[in-house]
Amino acid sequence: MDKSCWIFEADNVKETWNQVENRFDLEKVNDKNYKKETDNIDLLQPQRCSDVACRVSPYYPRYFKYCPNCGSSLISTLGPNKLPWASPCGTLDGNRSFSNLKWVFGKDSHGYFKLPDRGGQFAFVVTGNERLLAIDRAHGQLFSFCVTIGEWIYHGAIPGIKLPPWAWLASPCPDGVAISTDEGPCWIKVPDIGQDFRVITLSEKKTYRAIGGAALWEDVNHKQIALAPVLSGEGLSMAWRPCSQENPWQAVEINMEGFAGEDLKLNAPTLNGGKDIFWSGKEGFIAVRMEQGLPKAKFYKWDRGHKGCPEFAPYRDLSGMLWQLCYDNEDNHYCFVQLSHSGIQDSKQVDGPHLCIGNKSFMTDKEYEEPWQEGEALDFYPEKLSLVQPLLYLSNGLLYFEVQNESKVRSFVENPGNYSCRLCIRKTVGGEEVLKEGLLTKSPWDAEIFLFNGSLNLYIASQNKCWTWPGKYEEMSNQQ
Ligand SMILES: [Zn+2]
């Protein structure tokens, strides 16, 4: 049988392919034998035959224009469009609203996204170089997804993560991810070819533990800096490192005036319009601002009698200011406290706890422009037996869980259990539509929606299952 060898070289990548009749197989990448278990060949941008019936080779070199077997045109194995990505906490500035993205759902027209074959309690991150990572928070394992072959690559163990899901946030760096672990903050760089990943931790020998999610801050020149609050024997400090350099993390002191060493229980970070970064906790909040290339961090205590509700993501008002839900123990009511770099500026009483995404908030099945909007008391709908857990805003409506047989946000947050729910869309035009019935969720942090490679994906950690709605989206044109 005739066998020939094709070599392509560009952008510091050398590909060696074998041809036997019309079949092509990738043999080597950079002179090393290609192994699908360790090498992510998405970087080669392979192509497949546009005729689905033609299955001689699963993919061909990107340098070919037509299928060597049938002559049909070749198409990229990677998704046709890049999508914005929403983490459980939204984009870097906490936004979970994609006003230019319309998703076309067909009822129950979903598939399943294959998960890594081991581990669970995954968190998903799309890095700056468009790589999907799965971080197994239960056992500390790292995986990356190869779109071309539809398989996960196992990279190995990473430091443990004991932070609760609402406190934990992985921030995507240009070529990796910044995460908060029990061994302090880590920056993890995942290679394209080969399994070995790099971890950069704090340079000092002290034992550090990260106590809030990792944030990513960008300066005017788009240089990114990763930050995370850490605890050591000497107290609380702010760890940080510029993403573009190879330097280890450094730690700077946090001004802890007024702090008596309480357990802070910080939540995931949020940015207000990109300038300041906040972590809220039970006892107070930390405000960070970059000044002359260095983070300046200060801790502020909540007002007397107030306890923070860090499990709840802050509400963002239309001017970009952030408000954290707190409980006033003296007057027995919930309130939203405005976070600012110079301390507490304002607070507003509300009727109950709200679940917020961006500048919308929800209590029971009601949507609020501002949580303190009047006339929508919690007991206003005592007959209601379901509540809305917002997931994502699209241009055609709100994607949410209808949590059945539970009408109180507080109970849903405080009592993890098996809640029956269904995935619905509240359309901008045309009312409500159920997209998926018969789901189960344990808490508001059990489900995660992420957009990747032309699909919208719903992952439920307690079931370790991922539903996917591929390709059915439209990008809105500027005219609309
Ligand atoms: Zn073909």
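Here are some worked exercises on the predicted model shown above.

This is a predicted model: local features need pLDDT of at least 70, side-chain atom pairs count only at pLDDT 80 or more, and totals for chains, interfaces and linings use all residues. Residues are numbered from 1 along each chain as its sequence is written.

**Exercise 1. The overall picture**

Task: Work out how many helices and strands the protein chain has, and how its radius of gyration stands against the globule rule.

Solution:
- Step 1. Let's start with the elements: the protein chain has one helix and 42 strands. Helices (H or I, at least four residues) and strands (E, at least two) are DSSP runs, numbered from the N terminus.
- Step 2. The radius of gyration is 24 Å, close to the 23 Å that the globule rule gives for 480 residues, so the protein chain is as compact as a globular protein of that length. The radius is taken over C-alpha atoms, and the globule rule is 2.2 Å times the number of residues to the power 0.38.
- Step 3. The C-alpha trace spans about 85 × 55 × 45 Å along its principal axes.
- Step 4. Of the 480 residues, 42% count as buried. A residue is buried if 20 or more other C-beta atoms lie within 10 Å of its own, exposed if 12 or fewer, and partly exposed in between, with C-beta atoms placed from the backbone.

**Exercise 2. Two domains and a core**

Task: Find where the two domains lie in the sequence, how many residues of each are in contact, and where the largest nonpolar core lies.

Solution:
- Step 1. The domain assignment gives domain 1 (3-76) and domain 2 (97-475); such bounds come from an automatic or database domain assignment.
- Step 2. Taken over C-alpha atoms, the centres of domain 1 and domain 2 are 39 Å apart.
- Step 3. Twelve residues of domain 1 are in contact with eleven residues of domain 2, where contact requires C-beta atoms, placed from the backbone, to lie within 7 Å.
- Step 4. Now for the largest nonpolar core, which has 131 residues; Leu-133, Ile-135, Ala-226, Leu-227, Ala-239 and Ile-286 touch the most other members. A nonpolar core is a set of buried Ala, Val, Leu, Ile, Met, Phe, Trp, Tyr and Cys residues joined through C-beta atoms within 7 Å.
- Step 5. Strand E35 (residues 386-394) gives the most to this core, with six residues.
- Step 6. Domain 1 (3-76) and domain 2 (97-475) both give residues to this core, so it lies between them.
- Step 7. For a closer view, take Leu-133: not counting residues up to four places away in sequence, its contacts include Val-125, Leu-142, Phe-143 and Val-177.

**Exercise 3. Reading the sheets**

Task: Trace the order of strands in two open sheets and identify their edge strands.

Solution:
- Step 1. One open sheet has four strands in the order E1-E2-E3-E4, with antiparallel pairing. Two strands pair if DSSP finds at least two bridges between them.
- Step 2. Strand E1 (3-10) and strand E4 (32-33) each have a single partner strand, so one side of each is left without a neighbour in the sheet.
- Step 3. E1 and strand E2 (residues 13-20) run antiparallel and are joined by eight bridges; Lys-3 has Val-20 in E2 as its bridge partner.
- Step 4. Another open sheet of four strands follows the order E9-E41-E40-E39, again with antiparallel pairing. Its edge strands are E9 (111-112) and E39 (447-452).
- Step 5. Six bridges join E39 to strand E40 (residues 455-460), and Leu-451 stands opposite Leu-456 in E40.

**Exercise 4. Loop residues**

Task: Decide whether Asn-453 is buried or exposed, then do likewise for His-222.

Solution:
- Step 1. Asn-453 lies in the loop between E39 and E40, and its phi is near 50°, a positive value in a residue other than glycine.
- Step 2. With 22 C-beta neighbours inside 10 Å, Asn-453 counts as buried.
- Step 3. His-222 is found in the loop between strand E19 (215-218) and strand E20 (224-232); its phi is positive, near 65°.
- Step 4. Having 8 C-beta neighbours inside 10 Å, His-222 counts as exposed.
- Step 5. To finish, consider a glycine: Gly-430 takes a positive phi near 110° in the hairpin of E37 and E38, which has four residues between the strands.
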